[in-house]
Amino acid sequence: MAPSEDKEAPMLPWDRFSNWVHAICVVTFDLELGQAMELIYPGHRELSETERMNICYLSFPDSNSGLMGNVQFHFRIRQSAASQTPCSDITKTVLEEYNENCPTALQTDDGYLYGFVYFRQVKDKTLRRGYFQKSVVLLTKLPLIAFFNQVLDLIAPEYFDTGEASLEAACHHLDQWPLPSAGSTLNLPLLGTVLQIRIPCRLDKPGASSLPQSPTHTNPSPAPFIIPSVHETEAFRVLAPVLPHLNLLWELVLTTEPLVVMAPTPTTAADMVQTLVSLIAPLKFCADYRPFFTIHDSEFKEYTTRTAAPPAVILGVTNPFFAKTLQHWPHIIRIAESGGSPSSQKHKLKKASGMKSVEQKPGVYTKYKSHLQPDKGLVKRLLKGVQTGRPVEVQSALLRRYLLELTQSFMIPLERYVASLMPLQKNISPYKSTPTLRPFNPAEFLATIESSGPQLTSGVKGDWEGLYRRFFRCINFSAWYNARYQEVSNKLNALHLQALSDADLNGWVSNHGEVEVVDLVLRLRSKLATAPELHVPQPTIDKLSLQLNSVLTTLPDDLRLVLQAS
């Protein structure tokens, strides 16, 4: 179901803009102040002091690499309560419907913003510092990584070439865009280019292509620039340095283990973190993650303290200082300057006890003992692809297909077990309260593993039961189970409502007292109030309304009038 605009609530200036983008900022380097926010669009957009500080520091590389030219990367920050207030009720409704229709992994995160950075550093002898340093930053609630990188790749160069007027023009174009509707092909004009995208829909088959399909009746001019995937990174290119450890990293992400990526550039760090959280798709990674994190971040002390165990978070860092500050973390990925390849022997698996050398030597450092055996066959297939010149896009597709099947093999037994906890439809009585799901029993579930576990659908061998036990203790499991519980509860409520609409309520009323009938009236009203949220068909709602009115007529006039007035 695509979001629809409310005719009684006309779109206001910046409403359409706010459906896609929270704000666009320009951050410059001031000799006296350091990084400073030069301007923000729209001008009325509120940012807290903490948000401004975090955005300013995250908008510039935090390393000694001396990056010159143009650099693109992204970050993710906590959003203050004040700036979480949407521009209008329309924007709030649009994002709610977007979350309802897109896959869970692409839903917005309450309390978080994504920042997309286009940083330019070039020599300029006319400036006291000798360098021109400035960033254009796009802030949004939508985790459409590939799409917004492309949007910024159009906006930022134009701003650097022609100045502030181009930002105003870009914002005006954004304010004309249609709603971010999942499952539809969207043509989005921006500064002389038409971007064509398709946001995946919850009904899509997992792993299916999200390539836009141009409608036959529209011929946009100029020809659109097609973005094949709005959210995916180039998985093979990013994971190449750590490919032999893919199953280990999948386990670490699945169980939300604390993990830090130490990389030479913010682009490498951000790409690796974003790719890591996508390893378990279509399951949503529900712990915190920061594609780029600096020593100036407001959560720096929270994440680097040694007085408590490291939090469940994945950090991407570039400052060498972190090699010492985070050497107590249980899992560290150190990426070499050159990145590496699947055949590289530099990125070896090392025990976390050898952290003293982590600053210099690339590799995967961990205290974790894998439950599953590595799949050497996958690495061989991908290496053969490199030797035969197989396109990177195909290599990435093979890699994501493998990860999808691994995650599905792990989750399907859980899905099947939760389905078994649901009461039978024939046991749903209109005259009793709505039935509920039986409690999740880990021991009962684990007893089913031998006969219907992941080993039957996956070629990966290992201690699947031990991995489930660890998974049950992390937020990825609790978030998944809570979502499933809510879905099943909604379905049971909808089935109960259907049973009520089909029941002979007048016959039931004739055999019960006035108090019980009043209770039935109140329950029917409550059911009707929640029916739209449960997506109950309108004919069923209408039928239940008639049932309610019919039951009301059986009551004494004075009592009926009181109930109708209340």
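Where is serine 278 found, between which helix and which strand? Serine 278 sits in the loop between helix H9 (266–277) and strand S10 (288–290). Keep in mind as you look around that this is a predicted model.

Is serine 278 buried, partly exposed or exposed? Its relative accessibility is 22%, and buried means under 20%, so serine 278 counts as partly exposed. Now follow the chain back to glutamate 232. Serine 278 and glutamate 232 are 46 residues apart along the chain, and their C-alpha atoms are separated by 8.2 Å.

**Strands around S5**

Let's move to strand S5, which covers residues 131–140. Eight of its 10 residues are buried, so you can call S5 mostly covered. Two strands to look at beside S5 are S1 and S4. Strand S1 (residues 23–30) runs antiparallel to S5, and six bridges join them. Strand S4 (residues 112–123) also runs antiparallel to S5, this time with 10 bridges.

You can pick out single pairs here too. Valine 27 has serine 135 in S5 as its bridge partner, while phenylalanine 116 is matched with leucine 138 in S5.

S1 has another link, to strand S2 (residues 34–41). S1 and S2 are antiparallel and joined by seven bridges. Within that pairing, the bridge partner of valine 26 is leucine 39 in S2. S2 has six buried residues out of eight, so the rest of the structure largely encloses it.

Here are those three antiparallel pairings side by side:

| Strand pair | Bridges | Sense |
|---|---|---|
| S1 and S5 | six | antiparallel |
| S4 and S5 | 10 | antiparallel |
| S1 and S2 | seven | antiparallel |

**A three-strand sheet**

What is the strand order in the open sheet made of three strands? The order is S6-S7-S8, and the pairing is mixed. Strands S6 (185–190) and S8 (225–226) are at the edges and have a single partner strand each, so one side of each has no neighbour in the sheet. S7 (residues 193–198) pairs with S8 in the parallel sense, over two bridges. To find that pairing on screen, look for glutamine 196, which stands opposite isoleucine 226 in S8.

**Helix H5**

Helix H5 runs over residues 145–162, which makes 18 residues. From its first C-alpha to its last, H5 reaches 26 Å, close to the 26 Å expected at 1.5 Å a residue. Several of its residues are buried, including Ile145, Phe147, Phe148, Val151 and Leu152. Further along H5, the buried residues include Ile155, Ala156, Pro157, Tyr159 and Phe160. Just after H5 comes glycine 163, with a positive phi of about 95°.

**Two buried residues with polar contacts**

Which side chains make polar contacts with glutamate 257? The side chain of histidine 331 does, at 2.7 Å, and so does the side chain of arginine 470, at 3.2 Å. Glutamate 257 lies in the loop between H8 and strand S9 (259–262). Its relative accessibility is 16%, so glutamate 257 counts as buried.

Glutamine 79 is another loop residue to look up: its place is between strand S3 (69–78) and helix H3 (81–84). Glutamine 79 has a relative accessible area of 7%, so it is buried. Its side chain makes a polar contact of 3.2 Å with the side chain of lysine 141.

**Helix H8 and a cavity**

Leucine 248 has its place in helix H8. With a relative accessibility of 6%, leucine 248 counts as buried. Leucine 248 and threonine 366 are 118 residues apart in sequence, yet 9.6 Å apart in space from C-alpha to C-alpha.

H8 also has a part in a cavity. The structure holds one cavity of 30 Å³ or more, and the volume of the largest cavity is about 30 Å³. Which residues line the largest cavity? They are Leu243, Pro244, Leu246, Asn247, Pro374, Asp375, Leu378 and Val379. By class, that lining has six nonpolar residues, one polar and one charged. Helix H8 (246–254) and helix H12 (376–387) each supply at least two of the lining residues.

Note on methods. Residues numbered from 1 in each chain as written. Predicted model: local features only at pLDDT ≥ 70, side-chain atom pairs only at ≥ 80, totals over all residues. Heavy atoms only, no water. 1 Å grid on protein atoms, 1.4 Å probe; cavity = no way out; pocket = protein on both sides within 12 Å on 5 of 7 lines; lining within 4 Å. Points joined across faces, edges and corners; volume = space filled by probe spheres on them. Helix = DSSP H or I, 4+ residues; strand = E, 2+ residues; numbered from the N terminus. Nonpolar A, V, L, I, M, F, W, Y, C, P; charged D, E, K, R; others polar. Expected span 1.5 Å × (residues − 1). Buried < 20%, exposed > 50% of the residue type's maximum accessible area, 1.4 Å probe, protein only. Pairing = 2+ DSSP bridges. Polar contact = N/O pair within 3.5 Å; in protein donor to acceptor, adjacent residues only side chain to side chain.
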